[in-house]
Amino acid sequence: MRLGIISALYEEQQGLVEAMERPYKLIHGEREYWLGQLWEIDAVCVLSRIGKVAAALTAATLVEKFGVTHILFTGVAGAGDKTVQVGDIVVAESLVQHDMDASPLFPRFEVPLTGLTHFPADHRLGARLMDAAQSFLDNDFEEAIDPLEKAAFHLSRPRIHRGLIASGDQFVNDREHINGLNAALPGLVAVEMEGAAVAQVCHELGLPCAVIRTISDNANENAATDFMRFVKSVAARYAFHIVRRFCLETEETIVQASSEAAGV
Ligand code: SAH
């Protein structure tokens with residue numbers, strides 16, 4: 001297994017690169033790819049930057065040039081439904097490009113010539129991420145987040161949701177826009193700007209992918225207020241601990257599977 005880990009923003013990934021053993025940096029196509037071991041897992045960390053094209057280029061490069069076998073995207077997102085709150089965690093079940101609209105030639109949201117509106121995320125990776133997120137909330141959350149930040153963002157009992165994530169080349173900060181997307185896309189849990197592009201690349205190249213996001217805002221008029229503070233003081237900690245738990249758990253699964261295969 002070689003795990004590609006993509007984030008859009010520097011702060012979301014800084015801690016992971018610092019935690020890498022024997023890190024080695026390669027620059028390609030204006031991006032820094034960090035190769036090394038993360039909690040015994042062979043990994044490549046990279047910042048995609050923001051938006052679908054940036055994310056698609058990064059995902060394809062991870063596969064074609066760096067030989068990753070699985071892709072994980074970690075980052076922040078706006079809430080896609082009233083039941084989802086700032087500080088909650090969402091894991092993608094599937095992903096849609098909400099700004100794709102070639103109607104009337106193709107149905108709204110369908111990516112032409114793929115026959116798909118929704119691109120699936122890998123079920124097993126998603127289940128492991130749900131477990132990692134739950135362990136994070138149960139064991140790390142209390143200590144990892146400063147009490148002042150918990151109070152500032154009203155984080156008391158964060159929840160985990162699994163569902164549809166919608167991506168588009170827009171920072172959604174308008175109540176009508178998010179309500180319209182929620183109505184048009186049943187099961188929507190979050191909006192962001194990269195996940196569905198990565199899911200399409202992984203689907204077409206036949207690679208399992210997973211997307212996990214911490215909810216940073218409500219995708220309404222207040223979405224940009226305190227956005228960077230949240231990313232630095234809350235989401236960066238979530239991403240670090242969840243990926244750590246995901247890697248530790250994955251390593252255990254790999255060791256178990258290989259000892260079973262060896263008949264031990
Ligand atoms: N202020 C940042 C820009 C962030 S763009 C800067 O100056 O660098 C928003 C990033 O967070 C994107 O990577 C996107 O995936 C995610 N995101 C968070 N909330 C979002 C929202 N309401 N709409 C769209 N993307 C959102």
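One cavity of 30 Å³ or more is counted here, in what is a predicted model. Start the tour there.

**Stop 1: the cavity**

The largest cavity holds about 70 Å³ of space. To find its walls, select E12, T74, G75, V76, I212, R213, T214, A235, Y238, A239 and I242. Show them as sticks.

Next, colour by element. Strand 5 (70–79), strand 10 (209–217) and helix 7 (227–261) each give two or more residues to this lining. Which element gives the largest share of the lining? Select helix 7: four residues of the lining come from it, the largest share.

Now colour the lining of the largest cavity by class. Six residues are nonpolar, three are polar and two are charged. Y238 and I242 are among the lining residues, and so are E12 and R213.

**Stop 2: the pocket**

Leave the cavity and turn to the largest pocket. About 330 Å³ of space lies in this pocket. How many residues line it? The lining has 20 residues. Select V86, F153, H154, S216 and N218, the lining residues closest to the centre of the pocket. Centre the view on them.

Then bring back two elements from the cavity stop. Strand 10 and helix 7 give two or more residues to the lining of the largest pocket. Strand 10 and helix 7 also give two or more residues to the lining of the largest cavity.

Finish with classes again. The lining of the largest pocket has eight nonpolar residues, eight polar ones and four charged ones.

Terms used
Residues numbered from 1 in each chain as written. Predicted model: local features only at pLDDT ≥ 70, side-chain atom pairs only at ≥ 80, totals over all residues. Heavy atoms only, no water. 1 Å grid on protein atoms, 1.4 Å probe; cavity = no way out; pocket = protein on both sides within 12 Å on 5 of 7 lines; lining within 4 Å. Points joined across faces, edges and corners; volume = space filled by probe spheres on them. Nonpolar A, V, L, I, M, F, W, Y, C, P; charged D, E, K, R; others polar.
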